[in-house]
Structure formats: structure tokens, C-alpha cells
Amino acid sequence: MTLDEILEEIKNAKQIVILTHETPDGDAIGSCLATKLALKKLGKSSDIIISKYAKMYDFLPSINEIMKESQVEKYDLAISLDCATLKRLDNKEYFENAKKTIIIDHHGSNNMYADINYVNPASPACAEILLAIFSYFGIEIDQEIGTCIMTGIITDTGGMQYPSTTADTFEYAADLLRKGVNISDICKRTLNTKTKANFELTKMVIDRMELLEEGKVAFSYITNEDLKKVDAKEGDHEGLVNIGREIEGVEISIFIRQKEENEEEYKVSMRSNSDQINVSDICMVYGGGGHPRAAGAVIKGDVEQVKEKLLYSIKKISKI
Ligand code: AMP
Ligand code: MN
Ligand code: MN
């Protein structure tokens, strides 16, 4: 079965690289670090290559071992974690050049771009899939691996609150808590701590919030100028999409952020409050994707144009 093939490939590989999606979240970084630590237990060294990540993840075990680039041109094996498409993969050249490739992911929109694809959309976090895989491989999940795994689970489930959270998730969490993983500390660091810049951006997002379609759609935005004004660093925009989601009557929250590299594009984040509305389907119209309740895309245009495009697709697809 696929998992045996994955173990076989890991055992056969001398040089292994671990990659994830751009602007990595807690699931992306936690999954990479957990995998590196787990491979170490199999006697395998590996490189994680991530261009940039938010400071809030500095508490994670082995975070200092993350590299920005590598001298190795052709890895024996590349493992992509938590990333739905090759387009979104950070440092994709290492993946494209690798002799063998593996995907482990939980995005329903994953388009299976590796030699071996292990994708489970029913899992609330890539990190949770890894926990099951490592157990299958007979790897002992210690406190360090557990901390990385739990960070992925906590950040992708909003602290075990989203409907994607399963009974298994709570059981895994209980096991990890017994192993000394400090779940309370992970929640505080990743969910309940705002940087000053994020706080300033929150004020702007609230100030600009529009309630559209009879209050069913919340919309807000941030421009590059705003990010500059508050001296925003990597990750400072995280969580801003949740503000609109918390308003009574809102079924879809949209938050858009101007792309740093291309002022004519916006990174869209969408969240759904209802099982009837699949925001991944809406984002896929624009080449993006994600999960039914949380998805993203990149769309060309200014704020008004992007807003109009999204409202058009929302009305067409979700019949709001
Ligand atoms: P975000 O709004 O960026 O937090 O993303 C929400 C979810 O959608 C995450 O699981 C992302 O990995 C996924 N996602 C975001 N942007 C894209 C994209 N362009 N293509 C595919 N999935 C995406
Ligand atoms: Mn992610
Ligand atoms: Mn994820």
C-alpha cells in the first residue's frame, strides 16, 4: 500500500528535502519539522527549505534547522507537505529536480502532482495525517514531534473548534498532552497572541468591513501601503479573515491582501460558516482552492474589481 511505498522510498533515499506551501502556516511548518524529527528517528537526515515564516513559530523544536536554500541540486527524494498544487509550493525547483516525489496533504483540491500521493481530505490537518503515518512506521512520537504535530492541528482547527475536528483529533490531543505537549502554550502562542502590527491591521480591517448581500457576506482588505505603515512582518496578516466570520448572520467572510510582489494582484482568503457553502469551489474558479470552509486564491485587479468578481462567483455557485 501507499504507506509502505513511502517508507520504502524514505529508506532508499540518501538526500531528502522537505517542502511546503508559500506563506506557511502552523500546519505547514509543524508538519515539516515533525517529519524532519521523525526521519531522524529512522536514521535519516533531511533538509527543510522554507523562504520565510512568521516569528511566532520560533518556539518550535528544531526551527533553527530550517534552511533558506540548499547546495544540493538533485535530491533523491522530495516530500511536499500541506500543499495542494505545485504552483503554491515554496522552492518548487527542488521538487521538480528530485528523483522521486511524495505528497502528504489534506486538501480536497490537491491535484496529485507527485509520484506518490497520500491525500486525505477528511483530516483536519496535514500534521494529523503525519501522526498516523509515523505511528504506522513504528516511530515513537516524543514530546518534540508531538509539539510540532499539535501546532499543526491547533492552527488548522482554530484550537479544535472548526467542524473539521474529529473524535480522533481529540484522542490524539489527549495522547500528546500525556506525553508532555503543552497544548495551552501552543494555543496562546499561535492563536491568542497578536503582534502590534497585526493589532493595527485588525483596526483597519474592522474599519473597512462591508456587510454585503443582506449581511451574508463580510468583505475587507489590506493594501501594501497599509502593511508598510504598520511595518508588517511575515505572518502579521494571519487571522484577519476571521474577523468578518464572527459577525452574526455572516455566511462567507472574504479578506483580500495586496500581493507584495505584484501590486495588481490580491491574495484572497475566504471562510464559510455553513456546510451549504463550499468556498474551495469558489476559489477554484480563480485557480485557487483549499477546503470547503477555508480556501484561498490569487486574483488580478484592484479592490473593487476583485470584490465584484468574487460576489459574482459567490452568487453563481453558492446561490446565496
Ligand atoms: P488562507 O486563506 O491563505 O489561510 O488559506 C485557506 C486554505 O486554503 C488553506 O488550507 C490554504 O492552504 C488553502 N489555499 C490558500 N490559497 C490557495 C491557493 N491559491 N490554491 C490552493 N489552496 C489554497
Ligand atoms: Mn497550510
Ligand atoms: Mn493544513
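## Exercises on a predicted model

In this predicted model, the donor residues of the manganese ion (ligand 2) follow the sequence spacing H-x3-D-x56-D.

**Exercise 1.** Work out which protein atoms are the donors of the manganese ion (ligand 2), and which parts of the chain the pair His21 and Asp82 ties together.

*Solution.* Begin with the donors, which are His21 through NE2, Asp25 through OD, listed twice, and Asp82 through OD, at 2.1 to 2.6 Å from the ion. Next, place the pair in the fold: His21 sits in the loop between β1 (16–20) and α2 (26–41), while Asp82 sits in the loop between β3 (77–81) and α3 (92–97), so parts 61 residues apart in sequence are tied together. Both His21 and Asp82 are buried. Finally, turn to the second metal: Asp82 coordinates the manganese ion (ligand 3) as well as the manganese ion (ligand 2), and the two ions are 3.6 Å apart.

**Exercise 2.** Decide whether Thr155 is buried or exposed, and find what its side chain reaches.

*Solution.* Thr155 belongs to helix α5 (residues 143–156). Its relative accessibility is 17%, and because buried means under 20%, Thr155 counts as buried. Its side chain reaches the backbone oxygen of Gly152 at 3.3 Å, and, leaving aside neighbours within four places in sequence, Thr155 is in contact with Gly26, Asp27, Thr190 and Leu191.

**Exercise 3.** Describe how the protein surrounds ligand 1.

*Solution.* Start with the polar side-chain atoms that approach oxygen atoms of ligand 1: Ser269 at 2.6 Å and Lys267 at 2.9 Å. The protein covers 85% of the 480 Å² of accessible area that ligand 1 has on its own. Strand β11 gives the largest share of the shell, four residues.

Key: Residues numbered from 1 in each chain as written. Chains lettered and ligands numbered in written order. Predicted model: local features only at pLDDT ≥ 70, side-chain atom pairs only at ≥ 80, totals over all residues. Heavy atoms only, no water. Helix = DSSP H or I, 4+ residues; strand = E, 2+ residues; numbered from the N terminus. Buried < 20%, exposed > 50% of the residue type's maximum accessible area, 1.4 Å probe, protein only. Polar contact = N/O pair within 3.5 Å; in protein donor to acceptor, adjacent residues only side chain to side chain. Contact = heavy atoms within 4.5 Å. Donors = N, O, S within 2.8 Å, 3.2 Å for Na, K, Ca; no water. Areas by Shrake-Rupley, 256 points an atom, 1.4 Å probe, with all protein chains shown as cover.
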